[in-house]
Amino acid sequence: MRTLGLLAAPTLLPLAVRAHGDRHADGPRDVVREQKPWGIGAAPAEATRTITIRMDDKMRFTPAHLDVRESETLRLRIANRGKLLHEMVIGTPEELQAHAELMKKHPGMEHDEPYMAHVNAGRRGEITWTFNRPGEFEFACLIAGHFEAGMRGTIRVRPKS
């Protein structure tokens, strides 16, 4: 039994590493289209605008604010210019705060949703999202300590009118 455990360990290692690995590192994925208060996932081909967001070890996003029109689909290209792993997660302020608290309690927690990208140092990630609900939303890095250090941004989704 011990031998079996030793043989299985190397095959389980990639699963643990992927908990916060590069999003889309293994190619295109099926789009998960689950409606959230801040919008719904979209395929990259549906994007009408691309915005590059840089993040760094000063615990900042640049730009830190996005203005979007309701029903607009954005391709968010996220570039990690730091030496640490960072992530970008979109949500309501309440949702992000609750998720940040969970991340402090369970730092190795596996999660992969269409509204988040985990980006290793020096790498890029991508989120394609349709903002189909007006309102004030946020994005943040929820890795323990990063959120508390102010690694957050805002998204204003203006009604179509």
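Which residue in β10 is the bridge partner of glutamate 138? In this predicted model, the partner is threonine 154. Residues are numbered from 1 along each chain as its sequence is written, and side-chain values use heavy atoms, with hydrogens and water left out. Because the model is predicted, local features need pLDDT of at least 70 and side-chain atom pairs count only at pLDDT 80 or more, while totals for chains, interfaces and linings use all residues.

The protein chain holds 2 helices and 10 strands (DSSP runs numbered from the N terminus: helices are H or I with at least four residues, strands are E with at least two). Along the sequence, these elements follow the pattern α-β-β-β-β-β-β-α-β-β-β-β. Of the 161 residues, 41% count as buried (under 20% relative accessible area with a 1.4 Å probe, protein chains only; exposed is over 50%, and partly exposed lies in between).

Strand β10 (residues 152-158) makes a good starting point. Strand β9 (residues 135-140) pairs with β10 in the antiparallel sense over 6 bridges, whereas β4 (residues 65-69) pairs with β10 in the parallel sense over 5 bridges; pairing requires that DSSP finds at least two bridges between two strands. Leucine 66 stands opposite isoleucine 155 in β10. The side chains of β10 alternate: Gly153, Ile155 and Val157 are buried and point to one face, while Arg152, Thr154, Arg156 and Arg158 point to the other and are not buried.

Ile155 reappears in the largest nonpolar core, where Leu76, Met88, Ile90 and Ile155 touch the most other members among 34 residues. Such a core is a set of buried Ala, Val, Leu, Ile, Met, Phe, Trp, Tyr and Cys residues joined through side-chain atoms within 4.5 Å. In soluble globular proteins, nonpolar side chains tend to be buried together. Leucine 76 has contacts (heavy atoms within 4.5 Å) that include Ile51, Ile53, Leu66, Met88 and Ile90, residues up to four places away in sequence not being counted.

An open sheet of 5 strands, with mixed pairing, has the order β1-β8-β5-β2-β3. Both β1 (40-41) and β3 (60-62) stand at the edges with a single partner strand each, so one side of each lacks a neighbour in the sheet. Strand β2 (residues 49-56) runs antiparallel to β3, joined by 3 bridges, and methionine 55 stands opposite phenylalanine 61 in β3.

Glutamate 72 belongs to strand β5 (residues 72-80) and counts as buried because its relative accessibility is 15%. The side chains of glutamate 72 and arginine 49 are joined by a polar contact of 2.7 Å (a pair of N or O atoms within 3.5 Å; within protein, one must be able to donate a hydrogen and the other to accept it, and residues adjacent in sequence count only if both atoms are side-chain atoms).
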